Amino acid sequence: MKWIRKKWKMILLSLVLLLVIGTGSYAWWLYDSLNNLSKPPETTKLTPHNPDSTHREEPPPPKWEGQERVNILLLGADARGFSENEIPRTDSIMLASIDPLTKTAHLMSIMRDTIVDIPDEGQHRANTALQKGGPNLAMKTFSEWTGLDIQYYMYTDFRGFIALIDAMGGVEIDVEKDMTYTSKADNHEYDIHLKKGLQVLDGDKALQYVRFRYDALSDFARTERQRKLLGAVADKMKTAWSLIQLPHLINKMAPYIETNLTPEDMIKLGMLGLDVKIGKSQQLPPNDLLQEMRVNNEAVLGVSDKDALRSFVKDYLEGKQDQAEETTNDSQDPQSSSSTP
């Protein structure tokens, strides 16, 4: 019996050693993968080369200490047809906001045709902020516009988006209607052909889904679809399979991503993200503060009250908008009011 106990001790010890070695190898693999996402300044694609720009170099964004709300600017671009020294306009602009104390995350999409004040550049469309001064200017622009401290940015193009979805094995989305669009301009490379219904979209199909805007709601519906798909991606990333595959996913995306997040920051955010509940997403500006305008004979979007916009963002992140909607719905529900016989 003694030799049996000794044998089991050896087996258990071997398993523990394997676990420790495996965990250490995984941690090193993960750190090395995350490090590939952070590009040194001399290799970045996002340094503006615009001789007409009057913008000066921006100071770095505020540092995240770990306890306060963290805000990340997500920038997606269509880089087709651009040279290495050119920064394309951003096709999608989103803000991910996470509160470490309440463990809640919110996703806001910014309408790309909204006129914003870009420091040292004047009033321009939101999708030109990155192009005019790089990521620090874009973070400062949307920080002042929303009233939030934006500490980080993450930039990718169409190829990076496709690479992520494909590396995840696709993402399940309920496509709300048939979507069709063809264009000879890009040799039909980015035509859209989607059928209505619940399905797993690969990278190419997912890109078609978030790019479609050829209906009456145009960019309004498109930004809502972008938030919907990003929420589905976040949910899938929290599964055990995705966590195991995380270094592989990151390496697939690394050539197409730029960010100022350090590996340490990404690990902190990743650990936080495991416990985070994703709240209701939001379009910015909200419809009741949105106004259609024409600038230089072009149709753009404006904000009727900039202070009201900042107050709206604050209330939305604190959950006050949801509370107001529930109160309104209760007051309109005939069953919620009591009547005397």
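**Why the labels fit: a predicted chain**

Mentor: The accessible surface of this chain comes to about 19,200 Å², of which 55% belongs to carbon and sulfur atoms; such areas come from the Shrake-Rupley method with a 1.4 Å probe, and for residues only the protein chains shown count as cover. The model is predicted, so local features need pLDDT of at least 70 and side-chain atom pairs count only at pLDDT 80 or more, whereas totals for chains, interfaces and linings use all residues. Residues are numbered from 1 along each chain as its sequence is written, and side-chain values use heavy atoms, with hydrogens and water left out.

Trainee: How many helices and strands does the secondary structure of the chain come to?

Mentor: There are 9 helices and 15 strands, where helices (H or I, at least four residues) and strands (E, at least two) are DSSP runs numbered from the N terminus.

Trainee: Why is Asp157 called buried, while Lys306 is called partly exposed?

Mentor: Buried means under 20% relative accessible area, exposed means over 50%, and partly exposed lies in between (1.4 Å probe, protein chains only). Asp157 has a relative accessible area of 7%, so it counts as buried, whereas Lys306, at 38%, is partly exposed. By this rule, buried residues make up 43% of the 341 residues in the chain.

Trainee: What makes Lys306 and Asp117 a salt bridge?

Mentor: The rule asks for a side-chain nitrogen of Lys or Arg within 4 Å of a carboxyl oxygen of Asp or Glu. The side chains of Lys306 and Asp117 meet at 2.7 Å, N to O, and the pair therefore satisfies that limit. Lys306 is in helix α8 and Asp117 in strand β4, 189 residues apart, and the pair links distant parts of the chain. Asp117 is itself partly exposed, at 37% relative accessibility.

Trainee: How many salt bridges does the rule give in total, and which residues are joined into one network by bridges that share partners?

Mentor: The count comes to 11 salt bridges. One of the pairs is Asp157 with Arg159, whose closest N and O atoms are 3.4 Å apart. Another joins the side chains of Glu176 and Lys228 at 3.6 Å, N to O; Glu176 sits in the loop between β7 (171–175) and β8 (179–181), Lys228 in helix α5, and 52 residues separate them. Asp91, Arg112 and Arg222 form one network through salt bridges with shared partners.

Trainee: How do you know that helix α5 has about the span expected of it?

Mentor: The expected span is 1.5 Å times one less than the number of residues. Helix α5 (residues 218–237) has 20 residues and reaches 29 Å from its first C-alpha to its last, close to the expected 28 Å. Helix α8, with 12 residues, reaches 17 Å, close to the expected 16 Å.

Trainee: Which residues of α8 are buried, and why are they placed on the same side of α8?

Mentor: The buried residues of α8 are Leu309, Phe312, Val313, Tyr316 and Leu317. They cover an arc of only 120 degrees around the axis, which puts them on the same side of α8; the arc is that of the directions from the helix axis to the C-beta atoms. An α-helix has 3.6 residues a turn, so residues three or four places apart point the same way.

Trainee: What makes a group of residues a nonpolar core, and which members of the largest one touch the most others?

Mentor: A nonpolar core is a set of buried Ala, Val, Leu, Ile, Met, Phe, Trp, Tyr and Cys residues joined through side-chain atoms within 4.5 Å. The largest has 31 residues, and Leu73, Met108, Ile110, Phe142, Trp145 and Leu284 touch the most other members. Elements that each supply at least two residues include β1 (70–77), β3 (104–110) and α8 (306–317), while α2 gives the most, with 7 residues. A second, separate core of 26 residues includes Ile173, Val175, Tyr209 and Ile257.

Trainee: What is notable about the peptide bond from Leu284 to Pro285, and where does Pro285 lie?

Mentor: That peptide bond is cis, with omega near -5 degrees, and Pro285 lies in the loop between β13 (282–284) and β14 (290–295).
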